[in-house]
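Subject: Structure for you to look at

Hello,

Here is the structure I promised to pass on. Please open it alongside this note; what I found follows below.

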Amino acid sequence: MNLTNMRFGIAIALAALLSVPVMTGGCGGDDADTSEGEGGSAGQGEGGAAGKAGSSGKGGSAGKGGSAGSAGTGGSAGSSGSAGTGGSAGSSGSAGTGGSAGSSGSAGTGGSAGTGGTAGSGGAPASSPLRLTLLHSNDMESRLVDYGSSTPNYGGVARFAAVAKNLKTAGMADPGGGVKAGVLMVSSGDNYLPGPEFDASLDKGAPYYDAMAMEMIGYDAIAVGNHDFDFGTGILKSFIESFTDAPKPTFLSANLDFSADSNLSGLVTSGRIAKRVVLDVNGEKVGLVGLTTKLLPELSNMGAVTVNSDLVAAAQTEVDALEAAGINEIVLLSHLQAIVEDVALVPQLHGVDIVVAGGGHDLLANASTVLFPGDVLDPAKPYPMLVKDKTNVDTPIVTTNALYKYVGRLVATFDKDGKITAIDTSSGPVRVTADPGDADKVTPDAEVQNYVVTPVSSHISSLKANQIATTEVPLHGVKNDVRTKETNLGDLVADGMLHEAEKAGTGTVPRVVIMNGGGIRNDSVIPVGPLTEYDTFSILPFSNFVAVVHDVTPQILKQALELGVSKLPTAAGQFPQISGMWITVNPAGTARVGDADGNETTPGTRITEIGLYDWWTGTSGGVIYQNGQFSQTAPAKIDVVTINFMATGGDGYPLRKNPNTILPVPYQQALRDYLQAPAAQLGLNGTVPASWYPETYTYETARIWMTTP
């Protein structure tokens, strides 16, 4: 029996239990407007499918895709600023006029000016050449224990700490010739990520394990990335406050305004968050500026924080202020989501000496780089990438491949005027390995291992030990798949959300589900066998809650679906995994374009059909859109079940103007509840059946059918 007909049988059984009507016809053909299929009416075969162009039409009674269920040390206050608690007058450089040293606004050896404060008139340019070893990371995303089951001896924050500390020691070696040696350790954002490892922090409470590890490693400045907002600004506040040892790192972003956010505004006042900071590096002043992607409203839960999308103006304003204060060695920590964004930004700036990029997980490496297992050298992405700035000066851009796989190391020599004169050949990513067969293996840092990795590992073990279901079929959650096409794991997640909304009884029917593929994060195929609580966190790690968006018209529903498929064939987080409906997509059609408020500026033509199917009653809601026309019998309003992130405009979805209800149920819990709920409660009763969630789809069983261009 195929997927659709099996679901019919279950719907009939459930209908008997629930006393709801069920249509018992076959699955529909192509054309809902034709009374009989090509070659006659539905036959007597299994399920009695209507022929092509049959009376049920595509999306008829069996329903296409009907689901089975649902200022620090050294800094002083400026002429108008006041030193915060513990702020002491420094021997060199003072906070800029009006800049106050925050109560804990220090960072790096020697400390820095506090809230936005840079060295004032007393901060002289570098008096000696400086060999700066800039150690950097990005997108660590809570991969604390190791890189993964396939490479258990690689990655992990304790091993990363050991590599970083070795490189710090090497960086402080005297270069001779009157050149000073200095080291900075920085992050360009996405310092943690929701998931089973960060769940250990939430279970314990602050200080969070990720911050504890970073503090032990000794970060001097940290850019704010989009994932740092995933739990909202309250958790970000707790994360920043988890750094308690002086000197505390400054969190940087020049284009974010935190003043209206009650959780974070006080951290700006105290100097823990700033647009720029000045660090003392062996007696030389180095300025740092932060930038955060302008796509933040679409990517995370940013509370009352607002974004200045003019990245050039935001960065240049801070660079100019640093230069005016006599700081001429300047590093930009940017989290722009892809290194191509940094390559495009640098030619519009001047005065930036080094860019540390984040968000893209790009691997920059050279032929001499010892690579992580599975990584491949791309000659078009050397370390560093050199891009000419607005004044035709070569500016090095660096980044790492994320997830504690490498410690980035740029060794640059500045002359006494703050100009880079050389980049040492030792520069490049240094891989993190403890594999016994590797010459570059390290012993994990004992402190980080004991206080971070061990308790996090214990928490993960408890999640893995809690089996909640089994699956009869491999569940496909590979990143590029869930972001470009329907997968059975995407269907399972969407059905779980529909199950939760139906159970809550919020709003009205019909209800459909749009779940963004980017919210499914396990990036793997889960094999046949046990499903554990750990798996549900790996699949759905974020702090998203199930949301019901009310009173969505068929026209807005189509716009939302057009938005979902607008990036094809490129993999994009906005790609929709769906339930309660089926759609046909022509990837060759016009891609929808919208503005920052979610308004459609260029209508899309990629969605050619939309049909409703309610598995709860086993009935079709009929075709509501086909070939440019909305059906006159389509419901005037439809409830869209999604996550609170998308309900408020995340990923650009045009849903935030509609009223919504946020259910007090995380989407991870919705999946778990659906897996475990008994059949009488319309759940899977602990088993994911292969017949309901196949690995491959036919025209009749697919919820998202792609036509051939």
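Keep in mind that this is a predicted model.

I began with the nonpolar cores. The largest one has 66 residues. Inside it, L492 and L557 have the most contacts. Helix α12, residues 488–504, gives the most to this core: seven residues. Another core lies apart from it and holds 52 residues. Among them are A158, A161, Y209 and F229. As a general point, nonpolar side chains in soluble globular proteins tend to be buried together.

Next, a sheet. Five strands make it up, and it is open. The order is β23-β19-β30-β22-β31, with mixed pairing. At the edges sit β23 (576–579) and β31 (660–666), each of which pairs on one side only. Neighbouring strands are turned against each other by 25° on average, direction ignored.

Look inside the sheet at β19 (residues 511–516) and β30 (residues 638–643). These two strands pair in the parallel sense, over three bridges. R511 stands opposite D639 in β30.

Two helices go with this sheet. Helix α14 (residues 554–564) lies across β19, β22 (545–552), β23 and β30. Its direction runs at about 25° to β19. Helix α16 (residues 667–676) packs on the sheet too, touching β19, β22, β30 and β31. The direction of α16 makes about 65° with that of β31.

Between α14 and β23 there is a loop, and Q574 is in it. Is Q574 buried or exposed? Its relative accessibility is 10%, and the cut-off for buried is under 20%, so Q574 counts as buried. The side chain of Q574 has a polar contact of 2.9 Å with that of S566. Setting aside neighbours within four places in sequence, Q574 is in contact with N516, L563, G564, S566, K567, D651 and Y653.

Now the charged pairs. In general, side chains of opposite charge can pair when their charged atoms come close. The model has 20 salt bridges. Three of them are worth a look, starting with D445 and K165.

- D445 and K165: the closest N and O atoms are 3.0 Å apart. This pair links distant parts of the chain, 280 residues apart. D445 is in the loop between β16 (428–431) and α10 (446–465), while K165 is in helix α2 (residues 157–171). D445 counts as buried because its relative accessibility is 13%, under the 20% cut-off. K165 is partly exposed, with a relative accessible area of 27%.
- R511 and E502: their side chains meet in a salt bridge of 2.8 Å, N to O. With 9% relative accessibility, R511 counts as buried.
- R431 and D438: this salt bridge spans 3.3 Å, N to O. R431 is buried, and D438 is buried as well. Which residues do salt bridges with shared partners join into one network? They are R431, D438 and D440.

If you have time for one place, I would suggest R511. It faces D639 in β30, and the side chain of R511 also meets that of E502 in a salt bridge.

Send me your comments when you have had a look.

Best wishes

Key
Residues are numbered from 1 along each chain as its sequence is written. This is a predicted model: local features need pLDDT of at least 70, side-chain atom pairs count only at pLDDT 80 or more; totals for chains, interfaces and linings use all residues. Side-chain values use heavy atoms; hydrogens and water are left out. Two strands pair if DSSP finds at least two bridges between them. Helices (H or I, at least four residues) and strands (E, at least two) are DSSP runs, numbered from the N terminus. Axes are lines fitted to C-alpha atoms, for helices over the stretch in contact, and angles run from 0 to 180 degrees between N-to-C directions. Contact means heavy atoms within 4.5 Å. A nonpolar core is a set of buried Ala, Val, Leu, Ile, Met, Phe, Trp, Tyr and Cys residues joined through side-chain atoms within 4.5 Å. Buried means under 20% relative accessible area, exposed over 50%, partly exposed in between (1.4 Å probe, protein chains only). A polar contact is a pair of N or O atoms within 3.5 Å; within protein, one must be able to donate a hydrogen and the other to accept it, and residues adjacent in sequence count only if both atoms are side-chain atoms. A salt bridge is a side-chain nitrogen of Lys or Arg within 4 Å of a carboxyl oxygen of Asp or Glu.
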